[in-house]
Amino acid sequence: MTAAAFLMAAQLLGAQELALSTNVLGYADFGTMNVEASYALSQHWSATAGVGYNPFSFTGKDGGQMQSRRQEYSLGARFWPWHIFSGWWLAGKMQYQEYNRGGIRSPETSEGDRVGAGLSAGYTYMLGAHFNVEMGIGLWGGYDRYTTYDCPVCGKVVASGGRSFVLPNDFLLSLIYVF
């Protein structure tokens, strides 16, 4: 439904103004589905809006539960020194994430809400008139309100509170369709 709305909007907007992308590396993180829409504001600037979602839990070798569940939303802007949707870029964004991660390296599980801002950089390579591939990396920081549990299913609280954070973000290997 959402993709159909973007396709119809793209027909009204004209050529090379809208791009949809998905980060292939995001799927390697326990199947996190993601999409980002970019709209060209000028030859050197684009506005972005992204969403990521992972509802999955898995059973590990020892029979324990593992998950990296999340829903995340971001709004940002990119600066393109050469030309929109091609070449090097620098980006800034605001991001919100609700997460539940645990059972991966230890039985402890953390869940909470993060809000913050991020900076990233990368390169977009044009494969054709409408298809691009993108590589990039970034950091984001902000405030994390969390609760840590003894295990993914037991519910015994080990710690809770709030803290500042700086984390890697935007490990990108994205496939992009430019309308």
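Contact is taken here to mean heavy atoms within 4.5 Å. In this predicted model, and with residues up to four places away in sequence not counted, T32 touches G26, Y27, Y53, N54, S68 and R70. The place of T32 is in the loop between α2 (24-28) and β2. Because buried means under 20% relative accessible area, T32, with a relative accessible area of 3%, falls in the buried class.

Strand β2, which spans residues 33-40, pairs with β3 in the antiparallel sense over 8 bridges, and the two strands form a hairpin with 4 residues between them. Within this pairing, V35 has V51 of β3 as its bridge partner. On its other pairing described here, β3 runs antiparallel to strand β5 (residues 65-79), with 10 bridges between them, and W45 stands opposite F79 in β5.

In a regular strand the side chains alternate between the two faces of the sheet. Strand β3 (residues 45-54) shows such an alternation, in that S46, T48, G50, G52 and N54 point to one face and are buried, while W45, A47, A49, V51 and Y53 point to the other face and are not buried. Two residues of this strand, Y53 and N54, were named above among the contacts of T32, and in the alternation N54 belongs to the buried face, whereas Y53 belongs to the other.

Further pairings involve strand β9, which covers residues 157-178. Strands β1 and β9 pair in the antiparallel sense over 5 bridges, with T22 finding its bridge partner in L175 of β9. Strand β8 is likewise joined to β9, in this case by 18 bridges and in an antiparallel arrangement, and E134 stands opposite S174 in β9.

In soluble globular proteins, nonpolar side chains tend to be buried together. The largest nonpolar core in the model holds 10 residues in all, namely A19, A40, W80, I84, F85, W89, A91, L172, I176 and V178. Strands β6 and β9 each supply at least two residues of this core, and β9 gives the most to it, with 3 residues.

The structure holds 1 cavity of 30 Å³ or more, and about 70 Å³ of space lies in the largest cavity. The lining of this cavity is made up of A19, L20, S21, E36, S38, R78, W80, F85, T124, N132, E134 and I176. By class, these lining residues divide into 5 nonpolar, 4 polar and 3 charged. At least two lining residues are supplied by each of β1 (18-23), β2 (33-40) and β8 (131-149), and the largest share, 3 residues, comes from β1. Residues A19, W80, F85 and I176 appear both in the cavity lining and in the largest nonpolar core.

One of the polar residues lining the cavity is S38, which is found in strand β2. With a relative accessible area of 7%, S38 counts as buried. Leaving aside its neighbours within four places in sequence, S38 is in contact with E17, L18, A19, A47, T48 and F85. Of these contacts, A47 and T48 lie in β3, where T48 points to the buried face and A47 to the other.

F85 is also in contact with M126, a residue whose further contacts, with neighbours within four places in sequence left aside, are S86, F131 and N132. M126 is found in strand β7 (residues 109-126) and, at 42% relative accessibility, counts as partly exposed. From C-alpha to C-alpha, M126 and T59 are 40 Å apart in space, and they are separated by 67 residues in sequence.

Apart from the cavity, the model contains open pockets, and the largest pocket has a volume of about 1,100 Å³. Of the 50 residues that line this pocket, the closest to its centre are D29, R70, E72, Q97 and N169. R70 is also one of the residues that T32 touches. The largest share of the pocket lining, 9 residues, comes from strand β6 (residues 87-102), and the lining as a whole divides into 15 nonpolar, 22 polar and 13 charged residues.

Key. Residues numbered from 1 in each chain as written. Predicted model: local features only at pLDDT ≥ 70, side-chain atom pairs only at ≥ 80, totals over all residues. Heavy atoms only, no water. 1 Å grid on protein atoms, 1.4 Å probe; cavity = no way out; pocket = protein on both sides within 12 Å on 5 of 7 lines; lining within 4 Å. Points joined across faces, edges and corners; volume = space filled by probe spheres on them. Buried < 20%, exposed > 50% of the residue type's maximum accessible area, 1.4 Å probe, protein only. Pairing = 2+ DSSP bridges. Core = buried A, V, L, I, M, F, W, Y, C linked by side-chain atoms within 4.5 Å.
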